[in-house]
Amino acid sequence: MPKLKIGLVCPYNITIAGGVQSIVLLLADQLNAMGHDTKILTPRPRNIKKIKSDNPDIIFIGRSTDFRSPLHTTVQISASAYNDKINQILLDQQFDIINLHEPWVPFLSRQILQRSESVNIGTFHAKIPESVMTRSLVKVVNPYLKSVINNLDGLTACSDSAAEYVRSLTKKPIKIIPNGVNLDNFKSKSDPVKIKKNPEILYIGRLETRKGVKYLIEAFNLLNQKHPEVSLIIAGDGPNRNYLKDLTTRYRLDKVKFLGNVDDTTKVSLLKKSDLFCSPAIYGESFGIVLLEAMASSVITVAGDNSGYRDVMKNIGQLSIVNVHDIPSFASRLEMMLYEKDIRRVWLNWSQDYIKNFDFKFIVDQYKQYYLDLLA
């Protein structure tokens, strides 16, 4: 097999935890472990002096700025980069493949595409709901994305949900390569069916409207009235944190604990300790890596009814999907998945076999084969 020189473009601040960032980092690690030479091209974080940036596989280009996305999420994205700097990097690196993740995000991907002589691949991760694609936004995004797509030799997406919007703009084929997790990083429980005397429900993620944490707290309020022994652990931060804390105060819920942002080690530990994981996102999810991480940790999962989560939770996994706006039904589903041992056993038997399909060792093989196919 030829040794490839691969550039992975991440338009987001690579030092901040996120689904795209984790996939890019995993992909770089696995490709390098296979003997390829892989570099990550990403905007320089604004707080670079506080960050250990000695990873030789990361090349910082330009600067980043806060951006309010169509999903009402604030992220740090590439703001600008000097063209001479990009030209020099491409000349020095001589990439065979450049894989641009979320190439619709301004502006780094387009600048690279205009200068790249490599095989250029775009990978789409985000699900953009029609409800947030206003006419004014479409007028801006569509021409920009079409110009990007025209310069791409290949297109991939992590799911049909992520591919949906792109398919409306091009007839080029889109290869579905799912997201994955490194199963070796997660530890399964010895007896995952059994719950503790004082069970814990866990949420990990951003505290923003589309993540639906408000509905989780309201459902937990009903559940806690019947089962006062249950606790809810909320790990993550975001613009809705104060509102959500006020909500727990209003309901007098002393069994809800806010942890703020947690690192990967703490996340793995929290998953291993929890009896139920819940991700109640209402829209804007194209896949759901957090669901895979919970499955990899042998944790029963309840998930919001959105197209991205439905793409992941197939067959028996559909038991996990719930309409989070229906608070009584949501609370009942939490209770069922927490206390019904037979259902927990059936779900776990399914998930422990199903999760093997998403071991990143298999996912990286799909990317590598796609690279080779396009080079050929």
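This is a short tour of a predicted model, one selection at a time.

**The whole chain**

Start with everything shown as a cartoon. The protein has 13 helices and 14 strands. Of its 376 residues, 57% are buried. Now switch on the surface: about 17,100 Å² is exposed, and carbon and sulfur atoms supply 49% of that area. Contacts often link distant parts of the sequence: among those between residues at least 6 apart, 69% join residues at least 24 apart.

**Strands β1 and β2**

Select residues 5–9, which form strand β1, and add β2; the two run parallel and are joined by 5 bridges. Within this pair, Gly7 stands opposite Lys39 of β2. Next, colour residues 37–44, the whole of β2. Why is β2 described as largely enclosed by the rest of the structure? The reason is that 6 of its 8 residues are buried.

**The six-stranded sheet**

Move on to the open sheet of 6 strands, which pair in the parallel sense. Reading across, the order is β11-β10-β9-β12-β13-β14. Its edges are β11 (256–260) and β14 (321–322), each of which pairs on one side only.

Zoom in on β9 (residues 200–204) and β10 (residues 231–235), a parallel pair with 5 bridges. Pick Ile201 here: its bridge partner in β10 is Leu232.

Then show helix α9, residues 289–296, which packs on the sheet. Helix α9 touches β9, β12 (276–279) and β13 (301–304). Its direction makes about 175 degrees with that of β12.

**Met295 and the core**

Stay with Met295 and show its side chain. Which residues does Met295 touch, leaving aside those up to four places away in sequence? They are Val312, Met313, Trp347, Trp350, Ser351, Gln352, Tyr354 and Ile355.

Met295 also belongs to the largest nonpolar core, which has 120 residues. Met295 is listed among those with the most contacts inside this core, along with Ile112, Ile217, Ile234, Phe330, Leu334 and Tyr371. In soluble globular proteins, nonpolar side chains tend to be buried together.

**Helices α6 and α11**

For the last stop, select residues 213–226 (helix α6) and 327–339 (helix α11). How do these two helices pack? Their axes are 8 Å apart, at an angle of about 65 degrees, and α6 passes α11 in a right-handed crossing.

Show the side chains where the helices meet. From α6, the residues are Tyr215, Leu216, Glu218, Ala219, Leu222, Leu223 and Lys226. From α11, they are Ile327, Pro328, Phe330, Ala331, Leu334 and Glu335.

Terms used: Residues numbered from 1 in each chain as written. Predicted model: local features only at pLDDT ≥ 70, side-chain atom pairs only at ≥ 80, totals over all residues. Heavy atoms only, no water. Core = buried A, V, L, I, M, F, W, Y, C linked by side-chain atoms within 4.5 Å. Buried < 20%, exposed > 50% of the residue type's maximum accessible area, 1.4 Å probe, protein only. Contact = heavy atoms within 4.5 Å. Pairing = 2+ DSSP bridges. Helix = DSSP H or I, 4+ residues; strand = E, 2+ residues; numbered from the N terminus. Axes fitted to C-alpha atoms, helices over the stretch in contact; angles between N-to-C directions. Areas by Shrake-Rupley, 256 points an atom, 1.4 Å probe, with all protein chains shown as cover. Left-handed = near helix turned anticlockwise from the far one by under 90°.
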